[in-house]
Amino acid sequence: MATKRDLRSLSTLLTPSTLFLGVFFLGPLAVMVIFSFLEPGIYGGVVWNFYHWNYGRILGWADGEWEDFDPVYIDIFLRSVRLALTNVGITLLVCYPAALWVSGLSVRWRTFVVFIITLPFFVSLVVRLFCWVLILRPSGFLSTSLMGLGIISEPIDIIYTETAVLIGMAYILLPFMFLPLYASIEKLDHSLLEASADLGANPFQTFWRVILPCTLPGIAAGAVLVFIPSLGNFIVPDLLGGAKVMMIGNLIEQQFLSARNWPFGSALSVMIMLVMFMLIVFYLRRIGRSEIVR
Amino acid sequence: MDSIAEVREAVKRFPAPEGGVITALDNISLNIQQGQFMTLLGPSGCGKTTLLRAISGFEDLDSGEVRIAGESVAGVPPYRRPVNTVFQNYALFPHLSVSGNVGYGLDLARVSKTEREQRVGEALERVNLSGFDRRKPAQLSGGQQQRVALARAIINQPKLLLLDEPLSALDRNLRQSMQLELKSLQHDLGICFLFVTHDQEEALTMSDQVVVLDHGRIEQIGPPEELYHQPATRFVAGFIGDGTLFSGTIENSAEDPILVTEGGLRISVANGPSVGTNATLIIRPEHLNIAPQEHDNSLGILDAVLEQSVFQGATRQYVCKLANGASISVSAAGSGDEALSSVNTGDSIRLAYRRDTPHLILES
């Protein structure tokens with residue numbers, strides 16, 4: 001039981017963070033939700049009239065015209081979800097073996113490798129993505145080196161495709177998958193693997209029946225950490241996807257900066273926030289709880 | 001009797017953290033017979049766990065071989081060896097229920113669902129855990145986790161069950177009841193148990209054969225009674241049971257041999273050893289009693305001063321100081337106890353032992 005004294009010191013300690021979150025997070029969030037129900041102004045800004053067609057437009061009926069059904073925004077949203085999920089899959093497939101390998105190294109090497117993996121954070125994201133533009137463009141490093149090796153005869157046109165976007169997104173989000181995976185693989189009790197082998201499981205069966213289930217919380221944490229920034233990302237599709245690969249993040253960015261339709265941008269933001277919120281609730285209920293029980 | 005497992009001239013060396021090598025197994029040979037409860041006993045670092053892991057397949061030998069059921073298992077991975085292990089920290093799978101843990105080996109062997117249910121039920125019943133099958137390991141007490149680990153290891157009906165200090169994490173009362181349970185479980189199942197411990201009491205309670213290890217070498221193999229009454233080396237004598245060791249040289253006085261220690265103590269011993277032999281005598285507390293008034297040639301006498309008397313429940317332990325300054329414990333029985341309890345601390349007493357009782361270890 002917390003005493004009065006504890007409560008007082010606790011509330012004193014929590015006041016700054018509460019104020020900060022209240023002013024800079026919940027406030028803007030409320031503004032966004034309110035804006036999403038207002039009419040767009042012609043030159044930007046909002047007109048203070050209740051207007052629910054921002055949401056109607058997301059679903060395919062713009063401005064209350066029931067006849068013109070055009071689910072273009074749903075398509076963009078679904079593409080974003082598909083790309084984000086694919087990215088989760090790619091980062092998982094790349095990071096899991098890597099994390100397994102790193103956790104088997106000596107302590108000194110482990111620290112070094114983890115440092116190397118976090119190293120790219122020291123360089124600006126935009127700079128790193130421009131490097132990928134230089135690598136992936138037809139006259140870039142990838143095409144010229146493959147041609148130099150005689151593997152291909154013509155430059156490959158990979159930039160401004162979904163593939164390029166996926167490469168870029170996987171690249172920037174790899175550490176977010178690697179670190180939680182590594183943390184959960186590293187704390188895996190080695191004697192469990194011996195117990196499994198002792199009871200007759202070959203290495204593959206041990207992986208499938210012990211290592212994978214025991215590291216599920218790490219997989220889930222990594223998946224959430226990669227999925228959320230992937231879904232809302234607009235820099236990568238902007239630089240590597242060109243005009244061809246539009247994701248929900250680009251759409252929102254455009255609504256605020258180019259189309260000057262703040263209410264529609266707000267409605268889109270509210271929608272992806274709801275999707276992410278549901279995802280996190282699902283995560284906490286299914287996997288988060290099982291980890292607490294341990 | 002059939003040999004279930006055999007270790008031949010096993011040698012294993014590890015690089016020591018501070019450089020150099022540690023010899024964990026130094027030319028170890030032993031033979032485990034059908035139906036035996038064998039214990040590897042020794043202080044930590046004596047190589048007992050390494051030996052166990054060499055049999056289960058988690059450690060490769062530098063030389064020598066392990067044979068299980070007559071066949072060499074060199075190069076055979078742990079998952080193909082017909083042995084199962086109860087691990088020191090139990091190593092239960094945290095994501096699986098009790099039933100999932102116990103049935104793990106059966107699931108791997110793709111045993112049919114009905115047979116699996118039945119065998120898991122039987123195994124849990126054997127360890128008195130019926131009805132716990134849906135719990136997670138985290139919801140069990142230490143003793144219950146121990147039982148799950150045991151059920152999981154016996155369900156595959158191994159030829160040999162390896163137990164790596166499985167009782168060390170339990171409290172004293174639970175440990176003692178588990179010792180007896182393990183012993184009767186082994187008897188009922190009829191499979192060999194190879195039990196590793198550093199606790200001599202555990203080893204004496206449960207084993208048919210005890211292997212005493214020190215510094216990677218076998219000091220002695222034998223049944224508990226033999227280790228206690230006829231220890232082969234100073235190490236075994238000091239490690240098993242209480243008692244005081246006296247080292248010295250045999251000299252002959254008038255008719256009977258006397259062990260003269262470096263401190264100048266003269267202790268008469270049984271006939272047998274020739275004059276000039278170096279030997280160690282072990283006198284256990286129960287060998288000693290208060291000396292009778294009349295002279296008895298079959299008794300050896302030690303002059304001592306009573307220092308302390310310690311109540312231990314069923315018995316009383318008397319700590320006495322000998323002429324050379326060494327302490328010796330006495331746990332006198334019957335009338336001797338009464339006589340001793342009337343002695344004040346600081347008083348001189350005469351302790352007597354039957355000359356042929358304490359064991360004399362001769363050094364070559």
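# Close-up views of a predicted two-chain model

**View 1. A hairpin in chain B, built from strands β16 and β17.** In β17(B), B:Q317 is the bridge partner of B:V310, and this pair is a convenient place to begin reading a model that is predicted throughout. The pair belongs to a longer ladder, since β16(B) is joined to strand β17 (residues 316-322) of chain B by seven bridges, and the two strands run antiparallel. Between β16(B) and β17(B) lie four residues, so arranged that the two strands form a hairpin, and in the turn B:G313 has a positive phi of about 90°.

**View 2. The pairing of strand β16 with strand β19 in chain B.** Strand β16 (residues 299-311) of chain B also pairs with strand β19 (residues 348-354) of chain B, to which seven bridges join it in the antiparallel sense. To follow this pairing in the structure, the reader can look for B:L299, which stands opposite B:R354 in β19(B).

**View 3. An open sheet of five strands in chain B.** Which order do the strands of this open sheet follow? Read across the sheet, the order is β13-β12-β11-β14-β20 in chain B, and the pairing is antiparallel. The edge strands are β13 (266-268) and β20 (359-363) of chain B, each of which pairs on one side only. From one strand to the next, the twist averages 40°.

**View 4. Strand β11 of chain B and the two strands that it pairs with.** Strand β11 (residues 244-252) of chain B is joined by six bridges to strand β14 (residues 278-283) of chain B, and these two strands run antiparallel. Two pairs of residues help to locate this ladder: B:S247 stands opposite B:T280 in β14(B), while B:T249 has B:N278 in β14(B) as its bridge partner. β11(B) also pairs with strand β12 (residues 257-261) of chain B, again in the antiparallel sense, over five bridges. In that pairing, B:E251 stands opposite B:I258 in β12(B).

**View 5. The two assigned domains of chain B.** The domain assignment divides chain B into domain 1 (3-235) and domain 2 (244-363). How far apart do the C-alpha centres of domain 1 and domain 2 of chain B lie? The C-alpha centres of these two domains of chain B lie 40 Å apart. Where the domains touch, five residues of domain 1 of chain B are in contact with five residues of domain 2 of chain B. The side of domain 1 of chain B that touches domain 2 of chain B has, by class, one nonpolar, three polar and one charged residues.

**View 6. Helices α8 and α9 of chain A.** Helix α8 (residues 190-198) of chain A and helix α9 (residues 203-214) of chain A have axes that come within 10 Å and cross at roughly 155°. Because of that angle, α8(A) is roughly antiparallel to α9(A), for angles over 145 degrees are counted in this way. The crossing in which α8(A) passes α9(A) is right-handed. On the side of α8(A), the residues that meet the other helix are A:L192, A:L193, A:S196 and A:A197, and their counterparts in α9(A) are A:T206, A:R209, A:V210 and A:C214. Sorted by class, the contact of α8(A) with α9(A) has five nonpolar, two polar and one charged residues.

**View 7. Helices α3 and α10 of chain A.** Helix α3 (residues 72-103) of chain A packs with helix α10 (residues 216-232) of chain A at an angle of about 140°, and their axes are 9 Å apart. That angle makes α3(A) oblique to α10(A), and the crossing of these two helices is right-handed. The contact includes A:S80, A:V81, A:L83 and A:A84 of α3(A), and also A:I219, A:G222, A:A223 and A:V226 of α10(A). By class, the residues of the contact of α3(A) with α10(A) divide into ten nonpolar, five polar and no charged.

**View 8. The contact between chain B and chain A.** Here 20 residues from chain B and 17 residues from chain A take part in the contact. Which elements give two or more residues to the side of chain B that touches chain A? The elements that do so are β6 (83-86) and α3 (104-108) of chain B, and α3(B) provides the largest share of that side, three residues. By class, the side of chain B that touches chain A has eleven nonpolar, seven polar and two charged residues.

Note on methods:
Residues are numbered from 1 along each chain as its sequence is written. Chains are lettered from A and ligands numbered from 1 in the order in which they are written. This is a predicted model: local features need pLDDT of at least 70, side-chain atom pairs count only at pLDDT 80 or more; totals for chains, interfaces and linings use all residues. Axes are lines fitted to C-alpha atoms, for helices over the stretch in contact, and angles run from 0 to 180 degrees between N-to-C directions. Domain bounds come from an automatic or database domain assignment. Two residues are in contact if their C-beta atoms, placed from the backbone, lie within 7 Å. Ala, Val, Leu, Ile, Met, Phe, Trp, Tyr, Cys and Pro count as nonpolar, Asp, Glu, Lys and Arg as charged, and the others, Gly among them, as polar. Angles under 35 degrees count as roughly parallel, over 145 as roughly antiparallel, 65 to 115 as roughly perpendicular and the rest as oblique. A crossing is left-handed if the near helix is turned anticlockwise from the far one by less than a right angle, and right-handed if clockwise.
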